[in-house]
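Colleague: Got a minute to go through this one with me? I'd like the basics before I set anything up.

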Amino acid sequence: MNRLVNQLLHRKAFLISLVILLFFIFIASAANYLTPYKDPYTITSEQHLAAPYSIPIWARIFPQYSKYPPNTNMDLKSPLILGNGSESFNGTAYTVELKPSEYENLSFPLSWNYQYPYSFSISFIAIPHGQAAQINVLLKQQNKTYFLESFVPSADQILYTYPTCPLSMGKTNSITISSESLSSSNSPYVSTLPGNERYIASAILPQLIFKPGKYSVIISIENIGTSPLKVYIYQPKFSAVGRAYGILGTDNNGASVFAEFVLGARFDLEIAAIATLIIVGIGLIFGLVAGYVGGKVDLFLNALTDFFLTIPGLPLLITLETIFVVSGLILKIGIVPLLIAIIGGLSWMGTMKIIRSVTLSVRSRTFVEASKALGSGPFRIIRKHVLPNILGVVFAQIAYDVPVVILTESGLDFLGLGITKFPTWGNMLGYASAYTSPANGFVWWWVLPPGFAIIFLSVALYFIGSTLQDVLSPYKVRGE
Amino acid sequence: MRFSVPWRYLVKRIIERIILLIVIINFLFLIIYIIPIYVAHLNPAEFYVPLSYKGLSRSTEVEAIDREFGLNQPIFVQYIDYVKNMLTFHFGYSLIYDEPVSKIILQALPVDLIILVPSLILSTVFAIGLGLFSAVRFGRLSDSINTFFAILTYFIPGFWVLIIFLQIFGFQLGLFPTNIAQALISPSGAPLHGWAYIAGLIKFSIAPIIILALLAYGVRMALTRSYGVESMGSSYVTYLRAKGIPERSVVYKHVMRNAIIPAITRTGIDFAFVIAGSVFVEDIFGFYGMGELLYRSALTFNVQILGDAFYILSLYVIVVLLVLDFIYPLIDPRVKYE
């Protein structure tokens, strides 16, 4: 055993392949810890985490992406106070006290170092006590001021020529100004835009307003009543949905591509493991029986294998699956077991042929004859003499068949004929090719990882398989 | 060398292939008739009827189809009809396409050959060239790198490379037309004719041809390499070298003849299965061949066309394999007629 491990560890290709394989097994088994998301395709709360087609965070090292904003969420702090009222801050709330017609501006500094975000929002809680107050929210950059929204008691709204929003006096007002909900009916700034821009304001506002530079978020409070006014402002916050997200960016729904990749890895490896067991199981049994028993049995099994080898594989797969779907049988067995059964049931021929040929060569050796002469039954001979000698080939076949399953399954998913409701590598590629257009460019962070994962995993398994066959075969089965 | 026609071998092969064909027809009957009727309790006529056809109600259509196609007959009568129809290529009429099925299939079949056959030839050229390159340099670094890339091509998903290529060079850089319709019209929108049509076709198909060839040469390259290495070590090569024949002549005149046989044989087999594997390239580059026909039928649950297209693909495979059985002994006289 030690000699074996020693031999294996002295092969560089094997070691590198093992590391790659272990990496994929790790991300597959740790998927639930690596990502909090369960299924970004069907659970809508796991989508819209950032802008659709957000780049990966680390891609900002490239100059063309360097100014892409990440998701931003910050508390607005240490405001500059301007105005003629009085103001105090007790650590949680800003208290503004104003006599009639006095005003007070809380101007929170905000330094923005990026290009425009996908969307932004400003939120705070206001509790006005008194007769009537106007609360305006503005964004200011040097000499440009964007008058985003204005809040006045609903009775006074009619007095204003620009759009306003209602404010309840004496109650808690949770105010959120989000670029996506601003329109010409609630925002003074949007209502001053030219007509065509007004209609798409929610989409273009971030572009109109944000450039790298120093901004200030101004909460301006004015007493428009006739009696003294006291306003509490809690938790002023600024947040922006960025255009750079996570390790692998986002897809067309703004869902995390990394989550999809990791979940896909888990799913693909699971399905590959089960289907490979089926393939090698069928191949091993048929191959052993055909090779060991020989005669008519061999002829029949060989003809059966040739039959399956002659039928064009992918068309058969597609035809069978369609029949199961139209006849409604898929509802009884489910798409995943069906895929495993079809792929497993149609890919065992190569394995069978190889196992048959090595069994044939082992069977004709003298030690098998000796064992027979000593009176061993066929099961004992297979167990004690044939199996140990073809073990290397069997392990190699396991390693060779996993890529076959992954490639076939990914191909079906890519075509939309396999699993469509859950992220798999094939699905990622399928959707990536369906949803990318010349307009949003080549979404490399979405297209490249699944393809490279398939290639790396397959090549690693290939080298592991051939090394195992080499090391575990007592006779040089591979014919050097 | 006297060449006698090996009748026994020919007859045996032909009978084998005919049995295979009959098994495939039975298999298709099983999945298209038996499974829906006896396992899923469906009327197969449902598969043939579009959602609406010339304003008739669906039940009327199903009844009419039942009578027209004999689907209300006992199952053994249907079976005999089915086998007869398949063997005589009477595929009936597709109500969904409103065209005879055989016409639809005949339109799709030649489209494949524009791209698949040239790419097969090109990949064989790559395989033989790179295989001999490696065989001559056996054990050196250049051989290892070359072989590694050949192994890599086994595992590169073709559709992945095709979409990357299409997106970067087709959509981003606009270097070549991204679908066949775009390739066959002039910039003003008029359809092309004559030489311009052929030029458009070539411009469109050159990229998929090269990509497919690069993705498919691996297996044949490995074959050429291993047989080449074997030949290089054999005693006739030692003898030729001892005789003073220049190395170049040894490789290209003597070793190559032996080393390319498996690659050529394999090309024949790949030619048999080439249409079967064309689904991805046809779907991505949007041209309507057999693969795309099969795929569209699967997506729209058009079981009628699916079954017939599958039958034609299998028939194609069987015919090509049968032809190959006869050609192999001519290519390699060492192949014995059993």
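Modeller: Here is a quick run through chain A and then chain B.

Modeller: First the ground rules: this is a predicted model, where local features need pLDDT of at least 70, side-chain atom pairs count only at pLDDT 80 or more, and totals for chains, interfaces and linings use all residues. Residues are numbered from 1 along each chain as its sequence is written, chains are lettered from A and ligands numbered from 1 in the order written, and side-chain values use heavy atoms, with hydrogens and water left out.

Colleague: Okay, how is chain A divided into domains?

Modeller: Domain 1 of chain A takes 2-47 + 255-477, and domain 2 takes 72-241. Those bounds come from an automatic or database domain assignment.

Colleague: And how far apart are the C-alpha centres of those two?

Modeller: For domain 1 and domain 2 of chain A, that's 60 Å.

Colleague: Where does Lys99(A) lie?

Modeller: In the chain A loop between β4 (93-98) and β5 (103-112). Strands here are DSSP runs of E, at least two residues, and helices are runs of H or I, at least four residues, numbered from the N terminus.

Colleague: Why does Lys99(A) count as exposed?

Modeller: Because its relative accessibility is 54%. The cut-offs are over 50% for exposed, under 20% for buried and partly exposed in between, using a 1.4 Å probe and protein chains only. Lys99(A) is also 61 Å from Ala30(A), C-alpha to C-alpha, with their positions 69 residues apart in sequence.

Colleague: Switching to chain B: what does its secondary structure come to?

Modeller: Chain B has 15 helices and two strands. Its C-alpha trace spans about 85 × 60 × 40 Å along the principal axes, and 48% of its 338 residues count as buried.

Colleague: Which residues does UniProt list for a domain there?

Modeller: The unreviewed entry lists residues 109-328 of chain B as "domain: ABC transmembrane type-1". UniProt positions are in the numbering used here, feature names are shortened, and annotations may be inferred rather than shown by experiment. That span is 81% helix and 0% strand, and its end C-alpha atoms lie 26 Å apart.

Colleague: What about the domain split in chain B?

Modeller: Domain 1 of chain B is 7-100 and domain 2 is 103-300, with 36 Å between their C-alpha centres. Five residues from domain 1 of chain B and six residues from domain 2 make the contact, where contact means heavy atoms within 4.5 Å.
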